[in-house]
Amino acid sequence: MNDNTLFPATLMPDKDWWQALWPNPAAVLSTIGIEPGMQVVDLCCGDGHFTRPMCELAQSGQIWAVDLDADLLAQAEAACEGYPNFHAILGDARKLPEQIEEPVDFVFIANTFHGVPDKTGLAQAVHRALKPDGRFAIVNWYRRPREETTVLGQPRGPDTGLRMEPEDVQKVVEPAGFTLERVVDVGPYHYGAIFRKINAPQPEEER
């Protein structure tokens, strides 16, 4: 990604198959550990498919939706209209610490991380935006051949070569100052890798 483009291979899908793939986004959010009262960032939020249930689930907690695409962010704003805990930020995910007023409990990113050129660099930005022991959840496609991941009868998702297994994500996120806490299934083709912020990167021998 350069300063004027989106992360490659991360275009927002059509709403019909997005809804077919994620019919219950609130269940995904609960599974990865988002709870009432949390301060949460929906990073690269897209059209707000996860953001609205995030606002409902967090209740008294605050939600920040961040995206570089103004049109998609406007859709997220429309989806979350009426929720006083919703805040929209038009900006670069890599500059997250400068875009929020104070550290948060949780940062969530879905179906985008595979297309980030500097994945450890993005994880470092997330690390700076989190409170001590804060969580960073990454929802990704399992590395299955694209022709096997069908939605509404058609192959969907990123090219097979871009997909990452949980251990691939672990290798690029932990050097930024995280430890992998758990991996959970969150759909027919997806997993959620939940990382916990630690004070410093783990020594190499501990990884």
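These legends accompany close-up views of a predicted model.

**View 1. Asp92 and Arg94 are joined by a salt bridge.** Start here if you would like a simple pair to warm up on. The closest N and O atoms of Asp92 and Arg94 are 2.6 Å apart. The two partners differ in how they meet the surroundings: Asp92 is buried, at 7% relative accessible area, whereas Arg94 is partly exposed, at 30%. Asp92 counts as buried because its 7% falls under the 20% cut-off. In total, the model has eight salt bridges, and the bridge between Asp92 and Arg94 is one of them.

**View 2. Glu181 and Arg135 form a salt bridge between two strands.** Here the N to O distance is 2.5 Å. Glu181 belongs to strand S8, residues 178–185, while Arg135 sits in strand S5, residues 130–141, so the contact ties together parts of the chain that are 46 residues apart in sequence. Both side chains count as partly exposed: Glu181 has a relative accessibility of 37%, and Arg135 has 24%.

**View 3. Glu181 also meets Arg196 in a salt bridge.** Keep your eye on Glu181, and look at its contact with Arg196, where N and O are 3.8 Å apart. This pair links distant parts of the chain, with Arg196 in strand S9 (residues 190–197) and Glu181 in strand S8, 15 residues apart. Arg196 is partly exposed, with 26% relative accessibility.

**View 4. Four residues come together in one salt-bridge network.** Which residues belong to this network? Asp133, Arg135, Glu181 and Arg196 are joined through salt bridges that share partners. Two of the links have appeared in the views above: Glu181 with Arg135 at 2.5 Å, and Glu181 with Arg196 at 3.8 Å. For a chemist checking the geometry, Glu181 is a handy place to begin, as its side chain takes part in the bridge to Arg135 and in the bridge to Arg196.

**View 5. Strands S2 and S3 run parallel.** Now we leave the side chains and turn to the strands. S2 covers residues 63–67 and S3 covers residues 86–90, and five bridges join them. Which residue of S3 is the bridge partner of Ala65? The partner is Ala88.

**View 6. A helix joins S2 and S3 in a β-α-β unit.** Helix H4, residues 70–79, makes up this unit together with S2 and S3. The unit is right-handed.

Terms used:
Residues are numbered from 1 along each chain as its sequence is written. This is a predicted model: local features need pLDDT of at least 70, side-chain atom pairs count only at pLDDT 80 or more; totals for chains, interfaces and linings use all residues. Side-chain values use heavy atoms; hydrogens and water are left out. Buried means under 20% relative accessible area, exposed over 50%, partly exposed in between (1.4 Å probe, protein chains only). Helices (H or I, at least four residues) and strands (E, at least two) are DSSP runs, numbered from the N terminus. Two strands pair if DSSP finds at least two bridges between them. A crossover is right-handed if, with the strands pointing away from the viewer, the path from the first strand over the helix to the second runs clockwise.
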